[in-house]
Amino acid sequence: MNNRGPAGTRLHAGTRLRIHALRKRHQTANNQRDKESSHKFKGRKRRIFTPMTRPINIEELLAVRETIPVADVRTPAEFTHGHIPGAINLPLFSNEERINVGTTYRQQGREAAILLGFDLTGTKWSGFIQQALQIAPHKKIALHCWRGGMRSAAMAWALDMYGFEVLTIRGGYKSFRHWALRQFQRTYPLSVIGGMTGSGKTRVLTQLHASGEQTVDLEDLAQHQGSAYGSLNRLIQPTQEQFENNLALQLAKMNPNRPVWIEDESQNIGKCLIPKPLWTQLRNATLFDLQVPEEDRVAALLAEYGGLNKDFLIGSTERIGRRLGPEQTKAAVTAILDGRMADFIRQVLIYYDKTYQKGLASRDPGTIVPIAAANGDPERNANQLLSVARNSIPI
């Protein structure tokens, strides 16, 4: 400490003590300010750089998916093949870029693939953030890639930097697929609506759903009516994987203590295949056989299929020609060309009725409950169905 005053004069001892005390208080204050400043700076660092992400499992995701958008950062091709229902595609790479990164990984290693990934996405990050804002304007979003790896981690990092709250799915889409396949191993209290083609099974199922019953509409999920004409010349079916994903999510919502109504189907619905464990349950469950007069069935099918494109109907008929037989096929095609659509329907019903009867014969007779249905009226038939199911009194 300098004990000299102006012009080198020596300070009094008391003065020196007071100066010393002032300097000490000043230094203490400076230290406190430095400490507070450092603390605030560190706090800012945490808010900016500490990831605001939280990993969640599939069950947690399903609990919040109605309120938090889910972004799938895999390629468009991967997304189209199969995705979590309701998810929106936010691809980090294009299909071609993903192939190039994978090739680089195999040939040059992980670090080279990462560098290539940064090169490919270098100018895209602001675009990713803008897309994410459209998906999740409140800046809370769930993310996943194939198995919770680098793609979702990179996107989560960028969105976190921008201030998003990000949920990342443990195990990615792969973990969802495992979850989906497990749903088909569970046992469900199925009640099956049967009946020959044209009996109005789907309409009855729709009526049951409207009345508050639990239903699974396999044809709606498969986007196909189940017959050779089932695409209606306009429906586009999902991939098998996506069909399974959609079906699994519906099954997961079912209350196991209430009946689950489902329509009788062959294992194939168009190109979609009902998973074997579930189809086995469907075949062994109680079947309520709607027995509708043939003329009522013809009228219902005429209303549904009679106005379709003739070339489509002829092509579909010829595809099942071997099963129809040459004479019935020729008669059906001629009826279409002549505009005799009711006759066409009667011809193909010969085949479909035989097929249904064969399937019915392969069931345990004790699981079949016949119901004399009322001329295809879906509301009346649904009420009749419920009455029989609840009272176990065949009609």
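**Note on a predicted protein model**

1. Asparagine 233 sits in the loop between α10 (218–222) and α11 (240–252). The model in which it is placed is a predicted one. Phi of asparagine 233 is positive, about 65°, although the residue is not a glycine. Most residues other than glycine have a negative phi. With a relative accessibility of 45%, asparagine 233 counts as partly exposed, because that class runs between the 20% limit for buried and the 50% limit for exposed.

2. A second residue to check on the same grounds is lysine 139, a residue other than glycine with a positive phi, near 65°. Where is lysine 139? It lies in the loop between α6 (125–135) and β4 (140–144). Its relative accessible area is 28%, so lysine 139 is partly exposed.

3. Some totals for the protein follow. It has 18 helices and 12 strands. The chain has 395 residues, and 44% of them count as buried. The accessible surface comes to about 21,700 Å², with 54% of that area belonging to carbon and sulfur atoms. Of the contacts with a separation of 6 or more, 71% are accounted for by residues 24 or more positions apart.

4. How do α4 and α5 pack? Helix α4 (residues 95–108) and helix α5 (residues 110–121) meet at an angle of about 155°, and their axes are 7 Å apart. The angle is over 145 degrees, so α4 is roughly antiparallel to α5. The crossing of α4 past α5 is right-handed. On the α4 side the contact is made by Glu97, Asn100, Val101, Thr104, Tyr105 and Gln108. On the α5 side it is made by Arg110, Ala112, Ala113, Leu116, Gly117 and Leu120. Sorted by class, this contact of α4 with α5 holds 6 nonpolar, 4 polar and 2 charged residues.

5. Alanine 113, in helix α5, shows this packing at the level of one residue. Is alanine 113 buried or exposed? Its relative accessibility is 5%, so alanine 113 counts as buried. Leaving aside residues up to four places away in sequence, alanine 113 touches Val101, Thr104 and Tyr105. These three residues are among those that α4 brings to its contact with α5. Alanine 113 and valine 101 are 12 residues apart in sequence, and their C-alpha atoms are 5.4 Å apart in space.

6. The pair α6 and α7 is arranged in another way. The axes of α6 and helix α7 (residues 150–162) come within 10 Å and cross at roughly 75°. That angle lies in the range of 65 to 115 degrees, so α6 is roughly perpendicular to α7. From α6 the contact takes Trp125, Phe128, Ile129, Ala132 and Leu133, while α7 contributes Ala154, Met155, Ala158, Leu159 and Tyr162. By class there are 10 nonpolar residues in the contact of α6 with α7, with no polar and no charged residues.

7. What is the class make-up where α13 meets α17? The contact of these helices has 7 nonpolar and 5 charged residues, and no polar ones. Helix α13 (residues 294–305) and helix α17 (residues 341–361) pack at about 115°, with their axes 10 Å apart. The crossing of α13 past α17 is right-handed. Residues of α13 in the contact are Glu294, Glu295, Arg297, Val298, Leu301 and Leu302. Those of α17 are Met341, Ala342, Ile345, Arg346, Leu349 and Asp353.

8. Leucine 386 belongs to helix α18 (residues 378–391). Its relative accessibility is 9%, so leucine 386 counts as buried. Which residues does leucine 386 touch, not counting residues up to four places away in sequence? They are Leu208, Glu213 and Trp261. Leucine 208 is 178 residues from leucine 386 in sequence, yet the two are 8.6 Å apart in space, C-alpha to C-alpha.

9. Proline 370 is placed in strand β12 (residues 368–372). At 30% relative accessibility, proline 370 counts as partly exposed. In sequence, proline 370 and phenylalanine 288 are 82 residues apart, and in space the C-alpha to C-alpha distance is 5.9 Å.

Notes: Residues numbered from 1 in each chain as written. Predicted model: local features only at pLDDT ≥ 70, side-chain atom pairs only at ≥ 80, totals over all residues. Heavy atoms only, no water. Helix = DSSP H or I, 4+ residues; strand = E, 2+ residues; numbered from the N terminus. Buried < 20%, exposed > 50% of the residue type's maximum accessible area, 1.4 Å probe, protein only. Contact = heavy atoms within 4.5 Å. Areas by Shrake-Rupley, 256 points an atom, 1.4 Å probe, with all protein chains shown as cover. Axes fitted to C-alpha atoms, helices over the stretch in contact; angles between N-to-C directions. Parallel < 35°, antiparallel > 145°, perpendicular 65-115°, else oblique. Left-handed = near helix turned anticlockwise from the far one by under 90°. Nonpolar A, V, L, I, M, F, W, Y, C, P; charged D, E, K, R; others polar.
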